Amino acid sequence: MPVIEDVTDNEPQGSQDTSQSGTSSSNQSGNGSPGGGFAAVTNYLANNKLDFCLWMSRIVTVFCSLFYLIPIYGPQSALGFYQRAIICNGLTSALRLHQRLPAFQFTRVYLSLLLLEDSCHNLFFSLIFVNSHPITLALTPPFLFALLHASSFTKKLLNLLGPSSLYLVRKLVDKLITNQSQILRFIALDEVILMPCLIFMVFTGRVSFLVPFMYFRFLTFRYASRRNPYCKQIFHELRVVTENYCNKPNTPPFLRNFLTKCIMMISRFAPPIQSQ
């Protein structure tokens with residue numbers, strides 16, 4: 001089972017991205033002092049400035065998302081916090097791309113590497129929704145990805161502080177990391193459900209006509225992701241559930257035909273999966 005930093009940025013994203021633990025944990029013993037404490041944390045952050053920036057951007061994403069969901073500053077501020085959360089998610093994705101990819105080259109090979117990264121998918125996600133009407137379903141993946149990734153890095157800092165430091169925070173972080181698979185599955189389900197919602201929102205005027213087409217492209221990237229298997233798993237499970245319902249004798253024929261045609265159409269659009 002892939003762990004949070006090996007799945008996606010969506011992060012913990014499937015893409016809202018992910019393999020920070022390998023690079024950071026390898027430096028932990030060398031950067032922190034043997035006795036731990038605040039000095040060890042300061043030394044670790046000084047030697048991992050980019051990871052610290054990622055941590056801060058994710059924390060800002062979390063708080064902006066919470067201020068949007070719980071409008072303590074008034075409903076008129078919800079749009080501002082929504083856009084800040086989406087922008088911070090894009091900033092995090094751009095930093096991850098800078099961390100994972102070599103120097104930019106205007107070549108086809110570099111572009112293919114770029115499109116394989118979950119961070120690129122998450123950056124594309126942010127560009128789709130940054131100027132849209134606030135959509136809670138669209139904010140959920142960046143919020144949860146940021147929360148999980150920030151929790152992972154926070155645990156590293158707590159380990160440097162000492163085993164008994166900030167007990168309540170440590171318990172909360174451990175709880176989040178323990179349930180990361182379920183959270184990632186929920187994120188993937190949210191990303192799938194968002195597609196028909198966007199189609200409906202086109203007719204209500206909440207999103208532009210191009211948004212569903214752009215988001216469909218994002219879903220194909222997420223479905224073909226090498227590091228985030230959850231979107232593909234959710235599609236498979238939804239298909240199995242729908243086919244089982246269609247095979248029941250009491251299912252109305254018109255509904256059976258409609259669902260069967262939907263399955264065939266979605267399967268036709270599914271991108272091919274390259275063998276690992």
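A residue is called buried when its relative accessible area is under 20%, exposed when it is over 50%, and partly exposed in between (1.4 Å probe, protein chains only). Glu-191 is a clear case to start with: its relative accessible area is 0%, so Glu-191 is buried.

The model you see is predicted, so local features need pLDDT of at least 70, side-chain atom pairs count only at pLDDT 80 or more, and totals for chains, interfaces and linings use all residues. Residues are numbered from 1 along each chain as its sequence is written, and side-chain values use heavy atoms, with hydrogens and water left out.

**The overall picture**

The protein has twelve helices and zero strands; helices (H or I, at least four residues) and strands (E, at least two) are DSSP runs, numbered from the N terminus. Of its 276 residues, 45% are buried.

**Salt bridges**

Six salt bridges turn up in the whole structure, each being a side-chain nitrogen of Lys or Arg within 4 Å of a carboxyl oxygen of Asp or Glu. Here are three salt-bridged pairs to look for:

| Pair | Closest N to O |
|---|---|
| Arg-100 and Glu-117 | 2.6 Å |
| Arg-227 and Glu-117 | 3.7 Å |
| Glu-191 and Arg-222 | 3.2 Å |

Glu-191 sits in helix H9 and Arg-222 in helix H10, 31 residues apart. Like Glu-191, with 0% relative accessible area, Arg-222 is buried at 0%. Which residues do shared partners join into one network? They are Arg-100, Glu-117 and Arg-227. Within this network, Arg-100 is partly exposed at 30% relative accessibility, whereas Glu-117 is buried at 7%. Arg-227 lies in the loop between H10 and H11, and Glu-117 in the loop between H5 and H6, 110 residues apart.

**The largest pocket**

About 1000 Å³ of space lies in the largest pocket. On a 1 Å grid over the protein atoms alone, a pocket is an open set of points where a 1.4 Å probe fits, with protein on both sides within 12 Å along at least five of seven lines; lining residues have an atom within 4 Å of a point. Grid points are joined across faces, edges and corners, and the volume is the space filled by probe spheres set on the points.

The lining holds 30 residues, with Met-195, Phe-235, Cys-262, Met-265 and Ile-266 nearest the centre. Helices H9, H10, H11 and H12 each give two or more residues to this lining, and H12 gives the most, with eight.
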